Amino acid sequence: MLTANEINEIRADFPILKELIYNKPLIYFDNGATVQKPRQVLDALTNAYSKFNSNIHRGVHFLSRKATEAHEAARETVRHFINAKESRECIFTRGTTESINLLAWSFGEFACSAGDSIVISGMEHHSNIVPWQMLCERKGMQLKVVPVLDNGELDMQALKVLVLEKPKLVAITWVSNVLGTVNDVKDIVRLAHEHNVPVMLDAAQSSPHVVLDVQDIDVDFMAFSAHKMYGPTGIGVLYGKAGWLEQFPPYQGGGEMIETVTFEKTTYNVLPFKFEAGTPDFIGSVGMAEAIRYMQKIGIQNIADYEHQLLDYVT
């Protein structure tokens with residue numbers, strides 16, 4: 001349990017909390033939308049821009065090599081954070097929204113046809129509704145919705161019925177951004193896998209609050225954003241089991257995601273680069289890795305326990 005002194009030390013890490021709003025100290029309650037950044041993350045971003053700002057994977061000079069090493073070290077930090085088997089299963093994106101759009105496009109092109117269905121729930125963020133609606137419109141599919149019970153929990157009996165219909169994918173939020181409901185994702189994955197249905201978790205709201213162990217949960221795909229977990233905006237991750245990702249077509253074309261290019265034919269790069277077209281946010285990845293280290297230093301369980309104290313107090 002964090003002590004009062006430790007909480008004050010943590011507060012001191014956030015420069016913005018020294019600001020006065022209407023001549024009163026800033027109190028910030030909008031973490032569901034985006035969180036503030038500790039100086040450790042801000043310093044990491046400044047250091048990266050100041051010391052080794054250079055395009056990665058493409059240059060042979062010193063700065064490019066150093067930036068490439070930092071970017072790939074950040075990917076390895078993400079791998080450890082979510083306990084993925086391999087770092088190539090961690091694709092850097094612009095955030096949860098792009099991660100889900102990437103999956104909806106590439107999975108849809110690989111696995112979906114007219115008459116198929118996708119299952120989501122009634123507590124999803126727009127980012128986990130609209131991309132699947134677009135897929136269903138594009139392919140002539142159905143979007144089926146698990147209802148939410150009056151107590152704010154998922155109707156698991158309804159989910160069981162829908163899974164029996166063999167949808168192509170179940171896409172469910174881990175923690176609701178509106179209700180705060182924490183879904184039993186391990187049970188959801190187990191239920192879906194009993195019928196050979198893959199599962200995607202929207203972990204945008206869970207990443208700063210719970211341990212994200214993709215191997216323990218056995219989830220097939222997971223999306224989350226750095227800016228929800230004390231990191232910079234504009235970067236996030238799509239995790240996917242390599243066996244799935246290797247089969248999918250790329251989401252976007254351009255530099256980085258290619259192996260060879262001729263005017264007659266292009267061959268695609270290996271994972272994860274096949275899904276990382278263009279210049280990646282190699283500065284943001286460094287900031288994201290620092291944010292992960294910051295949370296780990298405090299302890300995810302300590303964070304969750306203190307949040308529970310605050311909830312009890314406010315209630």
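Which helix gives the most to the lining of the second largest pocket? H10 does, with five residues. This is a predicted model, and H10 is a good thread to follow through it.

**The two pockets**

Let's stay with the second largest pocket for a moment. Its space comes to about 270 Å³. It has 13 lining residues, and Ile10, Asp13, Tyr294, Lys297 and Ile298 sit closest to the centre. Besides H10, the elements that put two or more residues into this lining are H1 and helix H2 (39-51).

The largest pocket holds about 1600 Å³ of space. Lining it are 38 residues, with Tyr28, Asn31, His209, Glu307 and Leu310 nearest the centre. Helix H1 (4-12), H10 and helix H11 (300-314) each give two or more residues here. This time H11 supplies the largest share, nine residues. So much for who lines what; here is how the two linings split by class.

| Pocket | Nonpolar | Polar | Charged |
|---|---|---|---|
| Largest pocket | 26 residues | nine residues | three residues |
| Second largest pocket | four residues | two residues | seven residues |

**The cores**

H10 turns up again in the interior. The largest nonpolar core has 65 residues, and those with the most contacts inside it are Ile82, Val170, Trp174, Val219, Met222, Phe224 and Met288. Helix H10 (residues 282-298) brings the largest share of this core, ten residues. A second core, separate from that one, counts 25 residues, including Ile118, Trp132, Leu135 and Leu238.

What does Ile82 touch, once its neighbours within four places in sequence are left aside? It is in contact with Cys90, Leu212, Asp213, Val214, Met222, Phe224 and Tyr239. Met222 and Phe224 in that list are also among the residues with the most contacts inside the largest core.

**Aromatic rings**

Now for the rings. The model has eleven aromatic pairs. One of them is Phe14 with Tyr230, an edge-to-face pair at 6.0 Å centre to centre, with 65 degrees between the planes. This pair ties together distant parts of the chain, 216 residues apart. Phe14 belongs to the loop between H1 and strand E1 (20-21), while Tyr230 belongs to the loop between strand E8 (221-225) and strand E9 (236-240). Are these two residues buried or exposed? Both Phe14 and Tyr230 are buried. Elsewhere, Phe107, Phe110, Phe221, Trp244 and Phe248 make up one aromatic cluster.

**Backbone oddities**

A few spots in the backbone deserve a look, since most residues other than glycine have a negative phi, and most peptide bonds are trans. Leu271 and Pro272 are joined by a cis peptide bond, with omega at about 0 degrees. Pro272 sits in the loop between strand E11 (266-268) and H10.

Then there are two residues with positive phi. His57 is not a glycine, yet its phi is near 65 degrees. You'll find His57 in the loop between H2 and helix H3 (62-82). Asn83, also not a glycine, has a positive phi of about 55 degrees, and its place is the loop between H3 and strand E3 (90-93).

How do these two stand with respect to solvent-accessible area? His57 has a relative accessible area of 31%, so it counts as partly exposed. Asn83 comes out at 30%, so it is partly exposed as well.

Notes: Residues numbered from 1 in each chain as written. Predicted model: local features only at pLDDT ≥ 70, side-chain atom pairs only at ≥ 80, totals over all residues. Heavy atoms only, no water. Core = buried A, V, L, I, M, F, W, Y, C linked by side-chain atoms within 4.5 Å. Buried < 20%, exposed > 50% of the residue type's maximum accessible area, 1.4 Å probe, protein only. Helix = DSSP H or I, 4+ residues; strand = E, 2+ residues; numbered from the N terminus. Contact = heavy atoms within 4.5 Å. 1 Å grid on protein atoms, 1.4 Å probe; cavity = no way out; pocket = protein on both sides within 12 Å on 5 of 7 lines; lining within 4 Å. Points joined across faces, edges and corners; volume = space filled by probe spheres on them. Nonpolar A, V, L, I, M, F, W, Y, C, P; charged D, E, K, R; others polar. Phe/Tyr/Trp six-rings, centres within 6.5 Å; stacked < 30°, edge-to-face > 60°.
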